[in-house]
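Please look over the chain below. The report after it covers selected residues, one helix and the overall fold.

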Amino acid sequence: MTPSTCSTVGLPMGPNYLDDVLSTMGHCVDSLKFAGGSFSLMPEEEVQALLDKAHEHDVLVSTGGFMEYVLTQGEDAVHQYIDECARLGFDVIEISAGFITLPTDDWLRLIEAVQEAGLKAKPEVGIQHGAGGGATTTEELEQIGQQDPSQAIAQARRFLDAGAYQIMMESEGITENVPEMRTEVPAQFIDELGLEHIMFEAADPHVFPWYVQNYGPEVNLFVDHSQIVQLECLRSGIWGPHDLFGRVHTFKE
């Protein structure tokens with residue numbers, strides 16, 4: 001298994017900045033994700049330049065969780081969005097529904113539509129209702145409530161069976177915006193779906209050591225582009241807290 005790191009473009013970034021990031025650490029990154037629908041606010045030529053630069057470094061490019069907004073615009077808008085992503089050269093379309101209600105069968109139809117356009121479908125699942133990168137407070141999320149992890153796992157299994165490229169696991173309600181980390185939830189997902197099929201959102205650096213210590217250096221993590229060096233130092237054991245420093249190893253025959 002090859003460790004997979006996905007980084008996000010959450011700040012204004014041009015191709016020169018991105019080239020600096022990927023020239024130094026691109027060998028540690030498998031995909032680049034635009035935050036939300038941020039790419040829709042940029043001039044097309046700048047979006048194209050960022051995609052081209054990522055591809056020069058063999059890095060896939062993913063949309064953010066913009067699909068759930070597009071879904072509110074109707075069926076034609078969804079197909080136009082998928083076609084436009086394909087035209088621009090995106091590799092992956094994230095399919096999320098953190099702020100809307102979407103039947104599982106409709107998720108499956110979206111996965112099929114994305115794959116028919118020649119792109120990879122990456123559904124995002126989670127246990128926290130109302131999550132998805134918004135500005136909702138911890139208190140508000142607690143009032144909204146969570147679903148049973150077994151429901152999300154069953155849904156994710158159907159997505160994988162339909163050919164989904166990877167499952168993105170939302171951190172809110174698990175390691176983010178919670179009084180205490182719900183460490184049992186990632187364990188359930190891994191036990192049921194396999195470590196290699198899941199990418200865990202790791203929005204806060206304090207969760208990096210926990211994932212590496214418990215699931216090894218090959219756990220797939222989604223981090224901000226500014227955190228790539230910190231994460232890879234932890235993966236390699238050359239920097240980190242006392243319980244990881246010099247203690248991260250693998251054995252490959």
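Arg 247 is exposed, because its relative accessible area is 57%. Exposed means over 50% relative accessible area, buried means under 20%, and partly exposed is in between (1.4 Å probe, protein chains only). Arg 247 sits in the segment after helix H10 (228-236). Its C-alpha is 5.9 Å from that of Gly 237, and the two are 10 residues apart in sequence.

This is a predicted model, in which local features need pLDDT of at least 70, side-chain atom pairs count only at pLDDT 80 or more, and totals for chains, interfaces and linings use all residues. Residues are numbered from 1 along each chain as its sequence is written, and side-chain values use heavy atoms, with hydrogens and water left out.

**Overall fold**

The chain has 10 helices and 8 strands. These are DSSP runs numbered from the N terminus: helices are H or I with at least four residues, strands are E with at least two. The C-alpha atoms fill a box of roughly 55 × 45 × 40 Å along the principal axes. The radius of gyration is 18 Å, which agrees with the value near 18 Å for a compact globule of 253 residues. That radius is taken over C-alpha atoms, and the globule rule is 2.2 Å times the number of residues to the power 0.38.

Buried residues make up 49% of the 253 residues. Among contacts with a separation of 6 or more, 72% join residues 24 or more positions apart. A contact means heavy atoms within 4.5 Å. The accessible surface comes to about 11900 Å², and carbon and sulfur atoms hold 50% of that. Areas come from the Shrake-Rupley method with a 1.4 Å probe; for residues, only the protein chains shown count as cover.

**Helix H7**

Which residues of H7 are buried? They are Pro 149, Ala 152, Ile 153, Gln 155, Ala 156 and Phe 159. They lie on the same side of H7, because they cover an arc of only 165 degrees around the axis. The arc is that of the directions from the helix axis to the C-beta atoms. These buried residues pack against helix H5 (104-116), strand E5 (120-125), strand E6 (167-169) and helix H8 (184-193).

Take Gln 155, which lies in H7 (residues 149-161). Gln 155 has a relative accessible area of 16%, so it is buried. Leaving out residues up to four places away in sequence, Gln 155 touches Thr 104, Trp 107 and Val 125.

The length of H7 also fits. Its 13 residues should span 18 Å at 1.5 Å a residue, and its end C-alpha atoms are 18 Å apart, which agrees. The expected span is 1.5 Å times one less than the number of residues. After H7 comes Gly 163, with a positive phi near 100 degrees.

**Positive phi outside glycine**

Asp 58 and Asn 177 appear here.

| Residue | Phi | Location | Relative accessible area |
|---|---|---|---|
| Asp 58 | near 60 degrees | loop between H2 (44-56) and E3 (60-62) | 68%, exposed |
| Asn 177 | about 55 degrees | loop between E6 and H8 | 24%, partly exposed |

**Cysteines**

How many disulfides does a search of the whole structure find? It finds 0. A disulfide is a pair of cysteine sulfur atoms within 2.5 Å. For Cys 28, the nearest cysteine sulfur is that of Cys 233, 9.1 Å away. Cys 28 is buried, because its relative accessible area is 16%. Cys 85 is buried too, with a relative accessible area of 2%.
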